[in-house]
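These are my notes from a first look through the structure. I began with the cysteines and then turned to a helix and a strand.

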Amino acid sequence: MPVPEPGLLPVFEDGDCELVIDLGVERSGFVGFELEAPAGTIIDAYGVGYMGSGYPQHTNGLLHTFRYICREGRQSYLSPVRRGFRYLFLTVRGNSAPVKLHEIYIRQSTYPVADQGSFRCSDALLNETWEISRHTTRLCMEDTYVDCPSYEQVFWLGDSRNEARVHYYVFGAPEIVERSLNHVPGSADETSM
């Protein structure tokens with residue numbers, strides 16, 4: 001949600017301005033922002049799923065980056081590619097004046113289901129395991145099940161089996177299970193795996 005006063009991203013003589021945005025949990029969706037910038041300012045975005053000791057686990061070879069080149073003034077952008085990550089690195093390059101960042105967001109994109117199942121017990125670890133499983137399964141649901149929200153984002157039969165088992169307890173919507181199973185017979189023509 002836009003705030004009344006934008007964040008001011010300064011100009012550095014010796015380098016770029018970089019923000020690291022921690023979403024708190026893995027998300028899967030489309031990156032959007034609204035900002036004011038001088039023409040030619042470059043916005044580079046890079047998403048990663050994990051950081052250990054302050055260093056990102058790089059996702060080389062994956063489509064977790066994009067570059068946006070600004071026109072003059074206030075503008076907005078929504079990435080056309082769905083990405084999964086927890087941390088978003090936003091780097092501002094080549095700006096001749098400070099950039100005003102009005103809003104940055106992730107438009108969450110997953111299969112449309114409602115939470116049907118629930119679980120609660122006296123063991124906090126089991127409760128947390130339920131929540132992690134629910135959240136992860138939701139992120140792995142597009143038009144079929146996918147192996148994960150950030151790496152390949154591909155339908156794999158073995159992964160789908162496990163996701164469907166969790167799905168039945170949590171969401172209970174059989175349509176995505178049926179759709180995924182309908183992909184199985186033709187998949188042997190695509191790869192032997």
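Cysteines. I searched the whole structure, which is a predicted model, and found 0 disulfides. I then looked up Cys-70, whose sulfur lies 13 Å from the closest cysteine sulfur, that of Cys-17, and this is too far for a bond because a disulfide needs the two sulfur atoms within 2.5 Å. Cys-70 has a relative accessibility of 5%, so I entered it as buried. I checked Cys-140 as well, and it is in no disulfide, the nearest cysteine sulfur being that of Cys-148 at 6.4 Å. Cys-140 is also buried, with a relative accessible area of 3%.

Helix H1. I wanted to know whether the length of H1, residues 124-139, fits its residue count: at 1.5 Å a residue its 16 residues should span 22 Å, and the end C-alpha atoms are 23 Å apart, which agrees. At the N-terminal end I found Asp-123 acting as a cap, with a side-chain oxygen 2.9 Å from the backbone nitrogen of Leu-125. Within H1 I noted several buried residues, among them Asn-127, Trp-130 and Leu-139. The cover over the buried residues of H1 includes strand S2 (17-37), strand S9 (99-108) and helix H2 (157-170).

Strand S6. Which way do the side chains point along S6, residues 65-69? I found that they alternate, with Phe-66 and Tyr-68 buried on one face, while Thr-65, Arg-67 and Ile-69 point to the other face and are not buried. I also recorded that S6 pairs with strand S3, residues 42-48, in the antiparallel sense over 5 bridges, and that Thr-65 in S6 is the bridge partner of Tyr-46.

Terms used: Residues are numbered from 1 along each chain as its sequence is written. This is a predicted model: local features need pLDDT of at least 70, side-chain atom pairs count only at pLDDT 80 or more; totals for chains, interfaces and linings use all residues. Side-chain values use heavy atoms; hydrogens and water are left out. Helices (H or I, at least four residues) and strands (E, at least two) are DSSP runs, numbered from the N terminus. The expected span of a helix is 1.5 Å times one less than its number of residues. Buried means under 20% relative accessible area, exposed over 50%, partly exposed in between (1.4 Å probe, protein chains only). Contact means heavy atoms within 4.5 Å. A polar contact is a pair of N or O atoms within 3.5 Å; within protein, one must be able to donate a hydrogen and the other to accept it, and residues adjacent in sequence count only if both atoms are side-chain atoms. Two strands pair if DSSP finds at least two bridges between them.
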